[in-house]
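Biologist: Before I ask anything, please put the sequence and the model on the screen. I will then go through them part by part.

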Amino acid sequence: MRIALIAMSGIRVCDAELLRIGLTLPGFVERSKTIASLPSLGLLTLAGMTPKEHDLEYIEIPSLAELGSLPDNFDLIAISSYSAQINEAYMLADRYKRTGIPVVIGGPHVTSLPEEAIEYCDAVVIGEGEATWNDILSDCGNGNLSGFYGSTESSYDLCESPMPDYKLLDISKYNRLTVQTSRGCPHCCEFCAGSLLLTGKYKQKPVAKVLDEIERIREIWHHPFIEFADDNSVVNNNYWKELLGPLKDKKIRWFTETDLSVSEDDELLELMRESGCAQVLIGLESPIETGLHNIELRNDWKLKKWPQFKDAIRNIQSHGITVNGCFILGLDGHTSEIFEQVFDFVKESELYEVQITIMTAFPGTPLYDRLKKEDRILEDHRWDKCTLFDVNYRPTHMSPEDLASGFKDLVVRIYSDEFTKWRRNNFKKYLREHLKTKG
Ligand code: B12
């Protein structure tokens, strides 16, 4: 069969003014450019386990409006999308279905809302795609692809992980490639829309497999920049210590998303730096205790860590690893002072990089269920607003309009040329001093 693997891609923001402001800010543009070019690791992974008798084409569609004519001549269309672009994914699926080509859709959005998705396609994959991809191929080959495949109850064993087919990519288009070392997270944050929606269990890929994947990437890109596309990478320090030694020999630079506990192990931080770690992205969520209550549903882990936020950031950065601190604006209890509070925190902690987003209720999350019960979702089913930058709920201590405008003002201040340069220079200055005192 000739199979099209279609990734709905690119970055989305509905608020036109925010988009306009954002595009003029150096700090914002830099990060957007970096991440907007990431390929779909989900589809590359499925490609890696597809029997060689099939022909694969990997296609990225940043926006349906720019699509023009439909790429055709396929026997199966496999679409991957997150919530923000799901309506475009559905339109695309519908157009293909009308031409008689079978369509399957997967990803966390359709996993949470399979009944919604099946209206537009022949088959919906629930959960991790590796578990059902072979069944989809054989059912499609036999002309009876239909209905729901998979379940979030089952958990795919990452020891069996196929090698993602990075060779399908036109590598000149990318400035980073993703590799996964784990799925899930031991924490249970109310808003989390990551792999927890696919599989409840935290699991890691064997170290040898991760190293093989990096080696495969190096065949097409000698000194790559890797983004570990994990929900929370450094949970098991022993696993990472085993990985980091050999990783150093690969001569890569890398970025990852993890939690604050990484700051507690200096030996680990040193190994991370030596192996090419450039930046860790950490969800701090709120600079004040308000907002952190019950955000982590199991044992208020993030609230307990709050007193250590600034020291932890300094310690990580003193090892030469920059921290990208993430804050969610509009958490319950946040007042209109939160914008100033975030700015002050960023200044005092001298965070190298900052990511600010608006609280977003993705379907399938406990946050969505709670806000729905409290009748606080403004426009239900507006999945296009699930961008992390658009307001679609009623905050507790501000109007939705105040949250949106306070957010825009903060974007301008945080990502201004002056403040961005100040933070970056401080990082370099602090690092030089730290290295001098260490001798
Ligand atoms: C890399 C990345 C991107 C990349 C690449 C996206 C892509 N096309 O894959 C870029 C930069 C383009 C991107 C863009 C956006 N992203 Co993003 N991104 C990530 C990140 C960091 C890693 C995702 C990843 O690679 N996972 C690993 C792969 C293996 O998992 P997977 O994609 O879910 O695929 C598995 C299954 O879902 C399933 N599957 C998926 N697709 C298909 C298709 C078929 C046919 C089948 C059979 C199976 C299947 O099988 C796969 C293997 O098991 C996550 C955060 C994180 N740490 O996870 C956020 C994340 C996925 N992004 C998120 C968001 C919000 C966005 C944006 C809306 C941001 C914005 N404002 O524009 C856009 C939306 C793009 C869209 N298409 O809708 C949210 C999504 C929440 C949600 N449930 O919708 C996440 C979870 C981050 C968060 N803060 O919550 N993103």
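Biologist: At about what angle does helix α12 run to β13?
Modeller: This is a predicted model: local features need pLDDT of at least 70, side-chain atom pairs count only at pLDDT 80 or more, and totals for chains, interfaces and linings use all residues. Helices (H or I, at least four residues) and strands (E, at least two) are DSSP runs, numbered from the N terminus, and axes are lines fitted to C-alpha atoms, for helices over the stretch in contact, with angles from 0 to 180 degrees between N-to-C directions. Contact requires two C-beta atoms, placed from the backbone, to lie within 7 Å. Helix α12 (residues 309-318) lies across β12 (277-285) and β13 (322-329), and its angle to β13 is about 150°.

Biologist: Which strands stand at the edges of the open sheet that holds β10 to β13?
Modeller: Residues are numbered from 1 along each chain as its sequence is written. Six strands form this open sheet, in the order β7-β10-β11-β12-β13-β14, with parallel pairing (two strands pair if DSSP finds at least two bridges between them). An edge strand has a single partner, so one of its sides is left without a neighbour in the sheet, and that applies to β7 (177-179) and β14 (353-358).

Biologist: By how much are neighbouring strands of this sheet turned against each other on average?
Modeller: The direction of the strands is ignored here. The average turn between neighbours is 25°.

Biologist: Which residue in β11 stands opposite Phe 228?
Modeller: Strands β10 (residues 225-228) and β11 (residues 253-258) pair in the parallel sense over four bridges. Among the paired residues, Phe 225 has Arg 253 as its partner in β11. Opposite Phe 228 stands Thr 256.

Biologist: How many residues of β11 are buried?
Modeller: A residue is buried if 20 or more other C-beta atoms lie within 10 Å of its own, exposed if 12 or fewer, and partly exposed in between, with C-beta atoms placed from the backbone. β11 has six residues and is mostly covered. The number buried is five.

Biologist: How wide an arc do the buried residues of α15 cover around the axis?
Modeller: Helix α15 (residues 400-414) lies across β13 and β14, at about 170° to β14. Its buried residues are Leu 403, Gly 406, Phe 407, Leu 410 and Ile 414. Taking the directions from the helix axis to the C-beta atoms, they fall on the same side of α15 because their arc is only 105°.

Biologist: Which elements do these buried residues of α15 pack against?
Modeller: Two of the elements are strands and two are helices. They are β13, β14, α13 (338-349) and α16 (417-438).

Biologist: Does α16 lie largely in the open or largely covered, and how many of its residues are buried?
Modeller: The expected span of a helix is 1.5 Å times one less than its number of residues. For the 22 residues of α16 this gives 32 Å, and the end C-alpha atoms are 32 Å apart, which agrees. α16 lies largely in the open, because the number of its 22 residues that are buried is one.

Biologist: What is the average twist in the sheet that contains β1?
Modeller: Six strands form this open sheet, in the order β2-β1-β3-β4-β5-β6, and the pairing is parallel. The edge strands β2 (55-61) and β6 (147-149) each pair on one side only. From one strand to the next, the twist averages 20°.

Biologist: Which residue in β2 is the bridge partner of Ile 3?
Modeller: Strand β1 (residues 2-8) runs parallel to β2, and seven bridges join them. The partner of Ile 3 is Leu 56.

Biologist: Which element supplies the largest share of the shell around the ligand?
Modeller: The shell holds 46 residues (C-beta atom, placed from the backbone, within 6 Å of the molecule), and the closest are Gly 42, Ser 80, Tyr 82, Gly 106 and Gly 129. At least two residues each come from β1, α2 (26-36), α3 (41-48), β3, β4 and α5 (108-112). The largest share, four residues, comes from α3.

Biologist: Is Asp 375 buried or exposed?
Modeller: Asp 375 is in the loop between α14 (366-373) and α15, and has a positive phi of about 55° although it is not a glycine. Most residues other than glycine have a negative phi. Because Asp 375 has 7 C-beta neighbours inside 10 Å, it counts as exposed.
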